[in-house]
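Work through the following exercises with the sequence and the structure at hand. Try each task on your own before you read its solution.

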Amino acid sequence: MLIFAVCALCGVTATVGSNRPVADEMDGKVDALVQSELQKQRIPGAAVGVYRDGRLTRAQGYGLANVEWDATVTPDTIFQSGSLGKQFTATAVMMLVEEGKVGLDDPIKKYFPDAPETWNDIKVHNLLSHTSGLSEYETGARTKAGGPFYMRLDFTEDELYKRITEMPMDFKTGEDWAYRNTNYVLLGILIHKVTGKFYGDFLQERIFKPLGMSRTRIISEEDIIPKRAAGYRLVKGGLKNQEWVSPSLNSTADGALYFTVEDLQKWDAALYTERLLKKASLERMWTVEKLNNGKPNKANYGFAWEINNVSGHRVIEHGGAWQGFTTYIARYVDDRLTVVALTNLDSGHANPRKITSEVAAIYNPALKPVEQKPIEDKEPRVTQMVKDLLRGIAEGKAKPVQFTEEARKRLFPDEILELGPALKEFGELKTLELMERSEEGERRNYRYRAKFAEMTLTISIGLTKDEKIARLNFSEE
């Protein structure tokens, strides 16, 4: 790991601006911050982009794009998008909406007429907002050898669609929110059905070429692509190459793009205009989707964007993770400031969101998040139950009986089994602090800050009146 610390000190930079003394001071602070995070998070390499009013303020590479070749990251190094690519898919769908070829309230059975009856209530906007209720195709059990979506096998779109129809629903459409890559795989197929073009070709023709995003494209491990970074993962403290994925499963619409921080500046600039979409369409994408009960979804999610605020400043953001790459874009639209961080380490260890938020605060101190303090914990037995639960998950001993029937279907056995090794790798649980408690009907909701030896997580849990776990979510702080 020492090589990462050395290489991180050797950033490659492209800076635009005339007020050099101030810019130099900010550059120095950004460099120190990013170099520190690369070392703490053990990230081989990263590219950071800062855009103001849609114009490039700074693009910089840090560390290694390829560890084996000792190749450094530069501003034009290509990274994989992960789910950050979903916003391009959502934009393509909204283009078709504006053209009258797709309706947000269209039942998706209009485009998939042989879909199962359980899909009857799913509309296009449910796919875009992850409120469809469809389950996740990309779980460990489903993508392993022998699973229906084994990652080393090629599938046609028809085969992918058929296998998705065979999965059970997680919840009734519109009654909850759950991030599911499945939704965007279907949207890519829908784009193909409506336009007659592979969704990647549609993006190239309607978005990338018009904006001059010359380095942005669908993933291809076969093609010769200059300055392509390698993706990595940490396994028991050691660095490994990304796992290989079949070409067809590496080109779906849920996040399978290559791009650079320089290309993303062109994307950011276009979002301030009506060059791609009318203002009303953009605002629809950036509006929190409401559930059937009229309340906003728990993730403040619109269409391929989260809509949040930092100290009263609106931020539209999204992350991505795939094949040893983790990415994040944060658009502080009130301040016309955008920060992007692209890294080449797996999501279990890299946290580019931390980089984007802290870089944004360097450029505008008003964007520094107010550190939330723990609240008084009046139910220590619940906190102890959560501690025991975390220990049980890490040891592979979580008990289904602790969960509601609906939560069991969603979490067992796949998701719980995948969580175990990750929690174990984070090390000993140092502290568990109660940050928020609320009640929703007969359900009690708790949000904890869990500080492990190697990671800090936010854990949200919902309990029924008979102490069953109805909801369990993990996110990086």
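**Exercise 1.** In this predicted model, find out in which sense S16 and S17 pair, and over how many bridges.

Solution. Begin with strand S16 (456-463) and strand S17 (469-476), and follow the pairing between them, which is antiparallel and runs over seven bridges. Next, look for a residue that stands opposite another: Leu463 has Ile469 of S17 facing it. Finally, turn to the hairpin that the two strands form, where five residues lie between the strands and Glu467 takes a positive phi near 70°.

**Exercise 2.** Determine which residues of helix H14 are buried, and what covers them.

Solution. Helix H14 spans residues 414-425, and its buried residues are Asp414, Ile416, Gly420 and Leu423. The general rule for a helix helps in reading such a list, because an α-helix has 3.6 residues a turn, so residues three or four places apart point the same way. The cover over the buried residues of H14 includes the helices H5, H12 (380-394) and H13 (405-411), together with the strands S15 (443-452), S16 and S17. Just after H14, Gly427 has a positive phi of about 90°.

**Exercise 3.** Describe how H12 packs against H14, and decide whether the two helices are roughly parallel or roughly perpendicular.

Solution. Two packed helices are described by the angle between their axes and the distance between the axes. For H12 and H14 the angle is about 100° and the axes are 7 Å apart. Because angles of 65 to 115 degrees count as roughly perpendicular, H12 is roughly perpendicular to H14. The contact brings Leu390, Ile393 and Ala394 of H12 together with Ile416, Leu419, Gly420, Leu423 and Lys424 of H14. Sorted by class, this contact has six nonpolar residues, one polar and one charged.

**Exercise 4.** Carry out the analysis for H3 and H8, and name the residues that meet.

Solution. The axes of helix H3 (residues 86-98) and helix H8 (residues 199-211) come within 10 Å and cross at roughly 80°, and the two helices are therefore roughly perpendicular to each other. On the side of H3, the residues in contact are Phe88, Thr89, Thr91, Ala92, Met95 and Leu96, and they meet Tyr199, Phe202, Leu203, Arg206, Ile207 and Phe208 of H8. By class, nine of the contact residues are nonpolar, two are polar and one is charged.

**Exercise 5.** Work out the strand order of the open sheet that contains S9, and identify its edge strands.

Solution. The sheet has three strands in the order S5-S9-S6, with antiparallel pairing. Strand S5 (79-80) and S6 are the edge strands, since each of them pairs on one side only. S5 and strand S9 (residues 257-259) are joined over two bridges, and Phe79 has Phe259 in S9 as its bridge partner.

**Exercise 6.** Locate Ser220, decide whether it is buried or exposed, and list the polar contacts of its side chain with backbone nitrogens.

Solution. Ser220 lies in the loop between strand S6 (217-218) and strand S7 (232-235). Its relative accessibility is 12%, and because buried means under 20%, Ser220 counts as buried. A polar atom of the Ser220 side chain lies 3.4 Å from the backbone nitrogen of Glu222, and a polar atom of that side chain lies 3.1 Å from the backbone nitrogen of Asp223. Leaving aside residues up to four places away in sequence, Ser220 touches Ile225, Arg228 and Tyr258.

Notes:
Residues numbered from 1 in each chain as written. Heavy atoms only, no water. Helix = DSSP H or I, 4+ residues; strand = E, 2+ residues; numbered from the N terminus. Buried < 20%, exposed > 50% of the residue type's maximum accessible area, 1.4 Å probe, protein only. Polar contact = N/O pair within 3.5 Å; in protein donor to acceptor, adjacent residues only side chain to side chain. Contact = heavy atoms within 4.5 Å. Pairing = 2+ DSSP bridges. Axes fitted to C-alpha atoms, helices over the stretch in contact; angles between N-to-C directions. Parallel < 35°, antiparallel > 145°, perpendicular 65-115°, else oblique. Nonpolar A, V, L, I, M, F, W, Y, C, P; charged D, E, K, R; others polar.
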